[in-house]
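Open the structure in your viewer and keep the selection tool at hand. This tour moves from one DNA strand to the other.

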2 protein chains.
Amino acid sequence: MNTTKIPKATVFRLTLYYRYLQTLCRAGCHTVSSAELAKGTRVNSAQLRKDLSYFGKFGVRGVGYEVKKLMRRIQEILGLSKSWNMALIGLDHIGYAMLQHRQFEKRGYNLVAAFDITGRYAGERIHSLTVHSIDEFDTVMQNNPIDLGVIAIDSEHTQQAADAFVRAGVKGILNFSSTLVTAPKDIQVKDADFTILLDNITYAITRDTNKLEVPSDIHSDAPLPIHGIALSV
Amino acid sequence: MNTTKIPKATVFRLTLYYRYLQTLCRAGCHTVSSAELAKGTRVNSAQLRKDLSYFGKFGVRGVGYEVKKLMRRIQEILGLSKSWNMALIGLDHIGYAMLQHRQFEKRGYNLVAAFDITGRYAGERIHSLTVHSIDEFDTVMQNNPIDLGVIAIDSEHTQQAADAFVRAGVKGILNFSSTLVTAPKDIQVKDADFTILLDNITYAITRDTNKLEVPSDIHSDAPLPIHGIALSV
DNA sequence: TAGATTGTTAATCGATTAACAATC
DNA sequence: TAGATTGTTAATCGATTAACAATC
């Protein structure tokens, strides 16, 4: 029983390595050095070797890593050859895109149920999947073993959606909503609200533009922003 | 000139604080303690106070923070009252969803141009925005001042899309593709490929299920995964 | 004044990386 | 053997948090 903690960042990068290895494999490469793989994934090469070392010794000194072998190892570590059933709540938002274009199915994530909270799509078949009304949630979830829940609504019902998923026995939740969600700690929750990333990008742009200053004395009594989630003040 | 480095994680959390403050504001709250705001954003309260301390002293000892005032401060710090023009490449994928449902426009991110690489939507008007063929990229970009580029294709053309955006003078790129993108370092790039998050969730689920083991000797010669981006081996 | 909560320090924790001995 | 590159150590860097003096 090895008790070394695996950094989350390491697990994240493992996926990056895997994808680059796929590219190399398709290109017919047989071996790759940590330097090359690191470059392709924008990572320090010592970082990469350290990441792999948490799981074993996969390379050959003086030579590098065998592409297919390393892929297989990462596959095993990440459980990439498993297949997972997902259910989706919300078709407004990003949910409709997920429903239409199932890129992730190639990666073992199968969308097997979709629930519309607006009622707009309920009953429709979209790419061979029938959209259910949210009222049918319990019945449908009972009849299908679902591993993962995807929340693609952005409203005061976000937490309810999460609760419903938890009750239905999912083990993980991907939350696209900008509302944070609470779940028992054995349920894996990841927030994927990309508008935060936009804010991060524009902050960095603004900082670069003005260079240098952390204003020592902010004192405008500027109005609250004109756009933005109606600040009914 | 204050040279203190602001941790990226701090900037990220600032958005979280802001959104929770919006909720409080709508609920009619006038003041909030670091403990409450921290709880609402799943953060340690010392963390929150430390985050704010990078930018100034916004609270009152023994009392807490004035909700509206703190919102205004974070707004200024993050530049949330600014407005940004975005262009989008790719309507297959998540791009179509962005085009249809413009939730982010409430936050000051305006989609002003969309380019289709498949030609499927070129010429169509979707929610008062005309979709252009990718051939018209240079012309359209020249005639509109674009701050941010969104990449929503997932193909070998990802880097070309990024290069085109850079040539057109964008200052930041949000990349939904699972291909990493290279750009000059004064261009802010954020990767938002959510399939990585799915991999992270399922890794954590699998780890929890088997508990404890970092296998000491992985030696299966299992086949490469059946799904997944055709491993043409 | 007594109670509450901030702002800040110092300790801790975790993640990154340079450097190099091991070894193919 | 000579050259190359891994695996690992130790140093560094950065981020989190407990604790508490300052102070409303």
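Start with the protein surface near DNA strand C: by class it has 7 nonpolar, 9 polar and 8 charged residues. Keep in mind that this is a predicted model.

**Stop 1: around strand C.** Select the 24 residues that surround DNA strand C. The closest are A:Arg61, B:Ser34, B:Arg49, B:Gly59 and B:Tyr65. Now color by element of structure. H3(A) gives the largest share of this surface, 4 residues. Helix H3 (45-53), strand S2 (59-60) and strand S3 (64-66) of chain B each supply at least two residues as well.

**Stop 2: the phosphates of strand C.** Of the strand C atoms within 4 Å of the protein, 66% belong to sugar or phosphate. Zoom in on B:Ser34. A polar backbone atom there is 2.5 Å from a phosphate oxygen of strand C. Move to B:Gly59, where a backbone N or O atom lies 2.8 Å from a phosphate oxygen. Then pick B:Lys57. This time a polar side-chain atom lies 3.3 Å from a phosphate oxygen.

**Stop 3: over to strand D.** Select the 24 residues around DNA strand D. A:Ser34, A:Arg49, A:Gly59, A:Tyr65 and B:Arg61 come nearest. Sugar and phosphate make up 66% of the strand D atoms that come within 4 Å of the protein.

**Stop 4: chain B on strand D.** Which part of strand D does B:Arg61 meet? A polar side-chain atom of B:Arg61 lies 2.8 Å from a base nitrogen. B:Arg49 also places a polar side-chain atom 3.3 Å from a base nitrogen of strand D. Finish on B:Gln47, with a polar side-chain atom 3.2 Å from a phosphate oxygen.

Technical notes: Residues numbered from 1 in each chain as written. Chains lettered and ligands numbered in written order. Predicted model: local features only at pLDDT ≥ 70, side-chain atom pairs only at ≥ 80, totals over all residues. Heavy atoms only, no water. Near = heavy atom within 4 Å. Polar contact = N/O pair within 3.5 Å; in protein donor to acceptor, adjacent residues only side chain to side chain. Nonpolar A, V, L, I, M, F, W, Y, C, P; charged D, E, K, R; others polar.
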